[in-house]
Amino acid sequence: MVNRSDIHYFGAGPAPLPTAVLEKASSVLLNYKDKGIGLCEISHRSPEANEILEDAKKALSTLLDIPEDYEVLFLQSGGTGEFSAVVYNLVSIWVEKKRAKIAAELSSSSDSEEAKKAEVVNRLRKVVDEELKLDYLVTGSWSLKASQEAARLVGAKHVNIAADSRQVNNGKFGNIPAESEWKLTPRGSGGPALVYFCDNETVDGVEFPAFPQSLEGDDAPLVCADMSSNFISRKVDVRKYAVIFGGAQKNIGNTGIAIAIIRKSLLPPISTPATPDLMRELNLSVGPIVLDYPTIAKNNSLYNTLPIFDVWIAGQVMAGLVDTYGVKKIGGQEEISNDKARMIYDTLDKYPDVYRVVPDKSVRSRMNICFRVHGGDSEKEKAFLAGAEKHGLLGLKGHRSVGGIRASNYNAVSIEGAKCLVTYLEEYAKA
Ligand SMILES: Cc1ncc(COP(=O)(O)O)c(C=O)c1O
């Protein structure tokens with residue numbers, strides 16, 4: 001039998017979890033807090049479940065310094081469901097704003113209420129047709145998928161691909177175009193309904209080094225970021241974002257939940273979404289209720305049955321980081337993540353005849369370290385992976401769409417694990 005302690009796992013998600021959390025999980029699955037029933041058996045509406053939810057929110061808020069005017073939501077959508085959720089929710093807010101503006105312009109008209117209503121819809125149709133834009137920065141396969149989902153939901157003509165990394169990198173992902181090249185929808189009243197980017201591209205190993213400057217400012221657009229694979233791995237200025245989301249199954253917990261951090265001003269009573277009737281009149285799709293942020297927020301993430309066990313795991317993982325890093329909060333984890341990534345990249349760079357890191361140096365992900373062995377020779381890469389397994393280093397195979405090697409350096413990968421990988425990289429290169 002292979003023991004857990006003999007293995008270092010670099011899977012990209014599902015990913016390793018702290019052993020101490022899993023040990024505790026195995027006991028609470030059988031009997032939670034001496035109640036005689038397990039955590040997967042208790043009601044999501046019980047006081048125990050509520051406490052788990054609040055603890056998880058508190059730990060995340062502490063780690064990321066989430067301001068009071070942001071809401072934390074737990075959803076079952078996975079990261080992919082949030083590709084759709086941000087579109088449904090933010091387009092609906094954009095439409096309602098435009099409707100209110102047109103209605104105000106028509107308020108002094110002497111026409112009947114019915115005639116005015118019809119005129120609002122008429123004008124709104126034109127505004128949607130001509131002005132609705134969703135900006136996407138396509139820097140890898142996940143932001144590409146998100147942009148394709150937006151096009152599926154609202155129509156391709158409303159999706160503005162403001163940047164596409166493949167255009168500056170010989171048709172492949174692996175870099176981020178300079179901001180001066182981005183073609184963002186101009187700000188102001190006709191600005192985009194949202195600007196979307198994926199902070200860390202898991203498949204291509206590309207991470208935004210910092211928040212884009214062109215998305216800053218007092219009149220900044222509503223920025224939505226997918227942080228599925230670098231959530232809680234570095235400091236984040238939450239105020240710069242309208243929505244941050246991510247699936248839990250990489251840095252936070254097990255598969256089953258997604259977390260969204262949303263600016264409260266995008267929720268009622270400050271922002272109201274367009275009514276489903278109006279959206280239908282405009283031929284815009286109406287999202288499923290389980291992706292509706294106002295509904296999920298109003299019900300404290302318990303609109304329907306939330307997998308509380310998954311929330312418990314996430315809460316335990318995050319509370320562990322709060323305890324470990326104290327006043328440094330997520331900055332403490334950031335230092336460790338950076339150190340581990342540096343150690344691995346330095347070793348890869350030391351042997352350019354053997355290893356080639358895939359993405360450009362300026363955008364290398366600290367989380368998903370993607371490289372080729374001997375120029376991508378498939379037999380040699382197979383042998384590299386087989387050798388790694390013999391050393392207890394698992395989960396290193398690159399994503400099926402791109403091949404090669406990918407070492408995912410998530411929070412639960414220990415410094416010792418990173419060192420064992422470095423030792424193997426050295427050994428292999430010298431053999
Ligand atoms: C960056 C990123 N976004 C979205 C997803 C999709 O997440 P899910 O499989 O939970 O839908 C993934 C999955 O690996 C991902 O890495």
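These legends accompany several close-up views of a predicted model.

**View 1. The ligand and the residues around it.**
Here we look at the ligand in its shell of 13 residues, where Thr 80, Thr 202, Asp 226, Gln 249 and Lys 250 come nearest. By residue type, the shell holds three nonpolar, eight polar and two charged members. If you are looking for a landmark, try helix α3, which spans residues 78-106 and gives the most to the shell, with four residues.

**View 2. Polar atoms facing the ligand.**
Three side chains are worth a careful look in this view. Thr 80 places a polar side-chain atom 2.5 Å from an oxygen atom of the ligand. Lys 250 also has a polar side-chain atom by a ligand oxygen, at 2.7 Å. For Asp 226, the partner is a nitrogen atom of the ligand, which is 2.6 Å from an N or O atom in the Asp 226 side chain. The ligand on its own has 390 Å² of accessible area, and the protein covers 84% of that.

**View 3. Asp 199 and its neighbours.**
Asp 199 sits in the loop between β5 (194-198) and β6 (200-201). Its relative accessible area is 4%, so Asp 199 counts as buried. The side chain of Asp 199 makes a polar contact with the side chain of Arg 234, at 3.1 Å. Leaving aside residues up to four places away in sequence, Asp 199 touches Val 206, Glu 207, Phe 208, Asp 226, Met 227, Asn 230 and Arg 234. You have met one of these neighbours already: Asp 226 is also among the residues that come nearest to the ligand.

**View 4. Helix α8 and what packs against it.**
Helix α8 runs over residues 308-325, 18 residues in total. From its first C-alpha to its last, α8 reaches 25 Å, close to the 26 Å expected at 1.5 Å a residue. Its buried residues include Ile 308, Phe 309, Trp 312, Ile 313, Met 318, Leu 321 and Tyr 325. Asp 310 is also on the buried list of α8. The buried residues of α8 pack against the helices α1 (19-30), α2 (47-64) and α9 (330-350), and against strand β2 (70-75). Just after the helix comes Gly 326, with a positive phi of about 50°.

**View 5. Two cis peptide bonds before proline.**
Follow the chain through two loops here. In the loop between β1 (8-9) and α1 you will find Pro 14. The bond from Gly 13 to Pro 14 is cis, with omega near 0°. Another cis peptide bond joins Pro 268 to Pro 269, with omega near 5°. Pro 269 belongs to the loop between β10 (258-263) and α6 (276-281).

**View 6. Positive phi at Asn 283 and Ser 301.**
This last view pairs two loop residues. Asn 283 lies between α6 and α7 (293-298), and although Asn 283 is not a glycine, its phi is positive, about 60°. Ser 301 lies in the loop between α7 and α8; Ser 301 is likewise not a glycine, and its positive phi is near 65°. Which of them is buried and which is exposed? Asn 283 has 71% relative accessibility and so counts as exposed, whereas Ser 301 is buried, with a relative accessible area of 3%.

Definitions and conventions
Residues are numbered from 1 along each chain as its sequence is written. This is a predicted model: local features need pLDDT of at least 70, side-chain atom pairs count only at pLDDT 80 or more; totals for chains, interfaces and linings use all residues. Side-chain values use heavy atoms; hydrogens and water are left out. A residue is near a molecule or strand if one of its heavy atoms lies within 4 Å of it. A polar contact is a pair of N or O atoms within 3.5 Å; within protein, one must be able to donate a hydrogen and the other to accept it, and residues adjacent in sequence count only if both atoms are side-chain atoms. Accessible areas come from the Shrake-Rupley method with a 1.4 Å probe; for residues, only the protein chains shown count as cover. Ala, Val, Leu, Ile, Met, Phe, Trp, Tyr, Cys and Pro count as nonpolar, Asp, Glu, Lys and Arg as charged, and the others, Gly among them, as polar. The expected span of a helix is 1.5 Å times one less than its number of residues. Buried means under 20% relative accessible area, exposed over 50%, partly exposed in between (1.4 Å probe, protein chains only). Contact means heavy atoms within 4.5 Å.
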